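Here is a walk through one protein model, written for someone who would rather picture the fold than read a list. Keep the 3D view open and turn it as you go.

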Amino acid sequence: PTRRSSDLRLELPTNNYPLSIKYDDNGNIIFTYIHGLDFDGSLGGAFKYNILTKKVTDISPIRNSISVAIDRKDPNKLIARTVGSWYDQRWKVVDGEENITYGDRFYRSTDGGLSWTDITPGKLDEKDSHSYYISRPLYENGYDWIIHNSIHWGPGLEIDPRDSDRIVVLSGNGLWVCDNVWIERDVQFYFDPNGIEKTVPIDLISIRGGYVYSTVMDYDGFNR
């Protein structure tokens with residue numbers, strides 16, 4: 001059979017870096033883009049390409065570097081995050097003062113990306129006169145050293161294929177989890193690095209007749 005292909009360069013961005021290509025099991029391919037590798041998420045986006053109609057739709061929740069996860073049980077349910085951006089995230093109030101840190105934004109959609117709800121940690125419902133948290137402040141989950149730090153940097157984001165209410169988020173400081181991402185209010189992100197050793201190896205040098213030296217950021221080094 002004759003091979004057929006479509007040139008999407010006129011429909012999709014060419015001035016940003018492609019981040020991911022995912023099929024949603026509903027006849028669409030979702031392309032995501034980032035601005036670059038310098039932790040500047042000011043450009044990028046998410047775009048849905050319908051294989052049958054050949055139509056491209058911009059589904060970006062915000063004009064920014066974007067990562068998207070798809071619910072394998074319901075392709076209309078999407079979770080998105082910015083990548084390398086610096087927006088308000090909130091921790092619990094301590095001594096009467098609100099603790100604000102800066103990291104990525106998070107969004108959810110139940111209509112395939114046509115509309116989005118902001119679920120960034122600490123997000124309040126600003127329409128209701130009796131305000132409540134759409135997404136509660138970050139929870140340290142017993143790891144006190146993470147307090148005042150944000151969810152940031154990494155594009156890693158997945159919806160658990162066995163439990164659609166659960167998402168796992170990769171950050172520059174470890175792993176974050178949310179177990180109730182679709183609930184109307186009180187969405188809760190919590191830190192969950194248990195069992196994970198995260199380091200950043202940046203160099204390895206072998207000395208002839210001597211040791212092998214490593215340089216590792218965020219932790220320590222070794223020699224053998």
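What follows moves from the overall make-up to the strands, then to the interior, the surface and the salt bridges.

**Overall make-up**

Please bear in mind that this is a predicted model. The secondary structure consists of 16 strands and zero helices. Of the 224 residues in the protein, 43% count as buried. Contacts across the chain matter for the picture too: among those with a separation of 6 or more, 43% join residues 24 or more positions apart. The protein exposes about 13,300 Å², and carbon and sulfur atoms supply 50% of that area.

**Strands and their partners**

A good place to begin is the hairpin formed by strand 1 and strand 2, with four residues between them. Strand 1 (residues 17-23) and strand 2 (residues 28-34) run antiparallel and are joined by six bridges. To find the pairing on screen, look for Ser20, whose bridge partner in strand 2 is Thr32.

Next comes an open sheet of four strands, ordered 5-6-9-10 and paired antiparallel. Strand 5 (66-70) and strand 10 (117-118) stand at its edges with a single partner strand each, so one side of each has no neighbour in the sheet. Strand 6 (residues 78-82) and strand 9 (residues 106-109) pair over four bridges in the antiparallel sense. Within this sheet, Arg81 stands opposite Phe106 of strand 9. As a general reminder, strands of a sheet pair through backbone hydrogen bonds.

**The loop between strand 1 and strand 2**

Which residue in the hairpin turn has a positive phi? It is Asp25, with a value of about 65 degrees although it is not a glycine. Asp25 counts as partly exposed, at 47% relative accessibility. A positive phi also turns up at Asp186, near 65 degrees and again in a residue other than glycine. Asp186 is found in the loop between strand 13 and strand 14, and counts as partly exposed because its relative accessibility is 31%.

Asn26 belongs to the loop between strand 1 and strand 2 as well. Its relative accessible area of 42% makes Asn26 partly exposed. Leaving aside neighbours within four places in sequence, Asn26 is in contact with Pro75 and Asn76. Asn26 and Asn76 are 50 residues apart in sequence, yet their C-alpha atoms are 8.4 Å apart in space.

**The interior**

The largest nonpolar core has 21 residues, and those that touch the most other members are Ile79, Ile151, Ile167, Val169, Trp176, Val181 and Phe189. At least two core residues come from each of strand 11 (157-159), strand 12 (167-171), strand 13 (174-178) and strand 14 (189-191). Ile167 is a handy residue to centre the view on: not counting residues up to four places away in sequence, Ile167 touches Ile79, Leu157, Glu158, Ile159, Trp176, Val177, Cys178, Val181 and Phe189. Apart from this core lies another, of eleven residues, including Ala46, Ile59, Ile62 and Tyr107.

**A nonpolar patch outside**

On the surface, Trp86, Ile100, Tyr102 and Trp153 make a nonpolar patch of about 420 Å². Tyr102 sits in strand 8 (residues 97-103). Tyr102 counts as partly exposed, at 46% relative accessibility.

**Salt bridges**

How many salt bridges does the model contain? The count comes to ten. Three of the pairs are set out here with their N to O distances.

| Basic residue | Acidic residue | N to O distance |
|---|---|---|
| Arg72 | Asp25 | 3.3 Å |
| Arg63 | Asp58 | 2.4 Å |
| Arg166 | Asp179 | 2.9 Å |

The Arg72 and Asp25 side chains meet in a salt bridge. Arg72 lies in the loop between strand 5 and strand 6 and Asp25 in the loop between strand 1 and strand 2, so the pair ties together parts that are 47 residues apart in sequence. Arg72 counts as partly exposed, at 43% relative accessibility.

In the Arg63 and Asp58 salt bridge, Arg63 is partly exposed with a relative accessible area of 43%, and Asp58 is partly exposed with 38%.

Arg166 forms its salt bridge with Asp179. The pair links the loop between strand 11 and strand 12, where Arg166 lies, to the loop between strand 13 and strand 14, which holds Asp179. Arg166 is partly exposed at 23%, and Asp179 is partly exposed at 36%. Salt bridges with shared partners join Asp160, Arg162, Arg166 and Asp179 into one network.

Technical notes: Residues numbered from 1 in each chain as written. Predicted model: local features only at pLDDT ≥ 70, side-chain atom pairs only at ≥ 80, totals over all residues. Heavy atoms only, no water. Core = buried A, V, L, I, M, F, W, Y, C linked by side-chain atoms within 4.5 Å. Buried < 20%, exposed > 50% of the residue type's maximum accessible area, 1.4 Å probe, protein only. Contact = heavy atoms within 4.5 Å. Areas by Shrake-Rupley, 256 points an atom, 1.4 Å probe, with all protein chains shown as cover. Patch = residues over 30% accessible without salt bridge, like charges linked within 9 Å, V, L, I, M, F, W, Y side chains within 5 Å. Salt bridge = Lys/Arg side-chain N within 4 Å of Asp/Glu carboxyl O. Pairing = 2+ DSSP bridges.
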